[in-house]
Amino acid sequence: MTITCYWCGAPKTSKEHVPPRCLFPKTKDAPQLGNQRKNLIKVPSCNIHNCEKSGDDEYLMCILSVNILNNALAETHVKSKILRALKRSPRLMAACFGTHQDIAVSEDGGKALQPTAAVKIDDARLERCLEHMARALFFHKYGSRHEGSVRCTPEFVVAITGPDAIERNAQYEEFRRACDQAFEHQPKEGQNPGVFFYQFHPDPPDQMAALLRMTFYEGAKATAVFCAQQNAQADAG
Ligand SMILES: [Zn+2]
């Protein structure tokens, strides 16, 4: 039997780590954390659908790991592996942080503001990365490809410009609350939960084939809706 790509069904040419391996600190960079690369998930992939080959994996690593709500493990990763990657690649630096802007935020909803920085996210690129992971996790979990469409939504974006920024942020906040509620008691999967865990909702709404939440560094989250087959056909038609 030919082994085929988790996304398109073409013959396998390589294996894709999901999430990309670079998100997981190496033991030499953080010996105090123990082995954070235990039993990483791998799926068969073609060249087109291998995140590592497209260079998107490093972009994803940078964007996810600098999230303000992340755990200390992410900080260790930023100070070692990510700084090295950014020093090595001015292009990566420009892609991730070329548009950064200094802002102040309140971490606890109080009046004390902490200085931090915001980066403009390449939405299309981030969504592509998230879709790779979502489809790969579906394949890993259910043993077959999801043939319909997938919509991924990062839960860690904020609007800082535009006349409707306050409204948009209220919508984002409502979405995050709904996700928190839906996944609060669902089992977590993943062998290195400080870096990454995922949750498939056991009882997704009717119009969905599956509903997934991915959590990185215990802070940066994203949700993926796998549209049921008839919707995918209706979209295409
Ligand atoms: Zn493929």
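Where is His-49 found? In this predicted model, His-49 sits in the loop between E2 and H1, and the contacts around this residue offer a way into the structure. Leaving aside residues up to four places away in sequence, His-49 touches Cys-5, Tyr-6, Trp-7, Cys-8, Glu-16 and His-132. With a relative accessibility of 14%, below the 20% limit for a buried residue, His-49 counts as buried, and Cys-5 is buried as well.

Two of these residues also belong to the metal site, since the zinc ion is coordinated by Cys-5 (SG), Cys-8 (SG), Cys-46 (SG) and His-49 (ND1), at 2.1 to 2.4 Å. The angles among the four donor atoms run from 99 to 116°, and the site of the zinc ion is tetrahedral. Along the sequence, the donor residues follow the spacing C-x2-C-x37-C-x2-H. Because Cys-5 lies in the segment before strand E1 (14-18), while His-49 lies in the loop between strand E2 (41-45) and helix H1 (51-54), this pair ties together parts that are 44 residues apart in sequence.

Further along the chain comes helix H2 (56-65), of whose 10 residues nine are buried, so that H2 is largely enclosed by the rest of the structure. Its buried residues are Asp-56, Asp-57, Tyr-59, Leu-60, Met-61, Cys-62, Ile-63, Leu-64 and Ser-65, and they pack against H1, H3, H4, helix H5 (123-142), strand E7 (208-216) and strand E8 (220-227).

Helix H3 (residues 72-88) has 17 residues, which at 1.5 Å a residue should span 24 Å, and its end C-alpha atoms are 24 Å apart, in agreement with that expectation. H3 nevertheless bends by about 40° at Val-78. The buried residues of H3 are Leu-73, Ala-74, His-77, Ser-80, Lys-81, Ile-82, Ala-85 and Leu-86, and what covers them includes helix H2 and helix H4 (90-97).

The nonpolar interior remains to be described. The largest nonpolar core has 51 residues, of which Leu-23, Leu-137, Leu-212, Met-214, Phe-216 and Phe-226 touch the most other members. H5 supplies the largest share of this core, nine residues. Not counting residues up to four places away in sequence, Phe-226 has contacts that include Ala-134, Phe-138, Val-150, Phe-200, Met-208, Leu-211 and Leu-212. A second, separate core consists of five residues, among them Met-208, Leu-211, Val-225 and Cys-227.

Notes. Residues are numbered from 1 along each chain as its sequence is written. This is a predicted model: local features need pLDDT of at least 70, side-chain atom pairs count only at pLDDT 80 or more; totals for chains, interfaces and linings use all residues. Side-chain values use heavy atoms; hydrogens and water are left out. Donors are N, O and S atoms within 2.8 Å of the metal (3.2 Å for Na, K and Ca); water is not among the atoms, so sites may look incomplete. Four donors count as tetrahedral if all angles lie between 85 and 135 degrees; four count as square planar and six as octahedral if opposite donors are over 155 degrees apart and all others between 65 and 115; anything else is irregular. Helices (H or I, at least four residues) and strands (E, at least two) are DSSP runs, numbered from the N terminus. Buried means under 20% relative accessible area, exposed over 50%, partly exposed in between (1.4 Å probe, protein chains only). The expected span of a helix is 1.5 Å times one less than its number of residues. The bend at a residue is the angle between axes fitted to the seven residues ending there and the seven starting there. Contact means heavy atoms within 4.5 Å. A nonpolar core is a set of buried Ala, Val, Leu, Ile, Met, Phe, Trp, Tyr and Cys residues joined through side-chain atoms within 4.5 Å.
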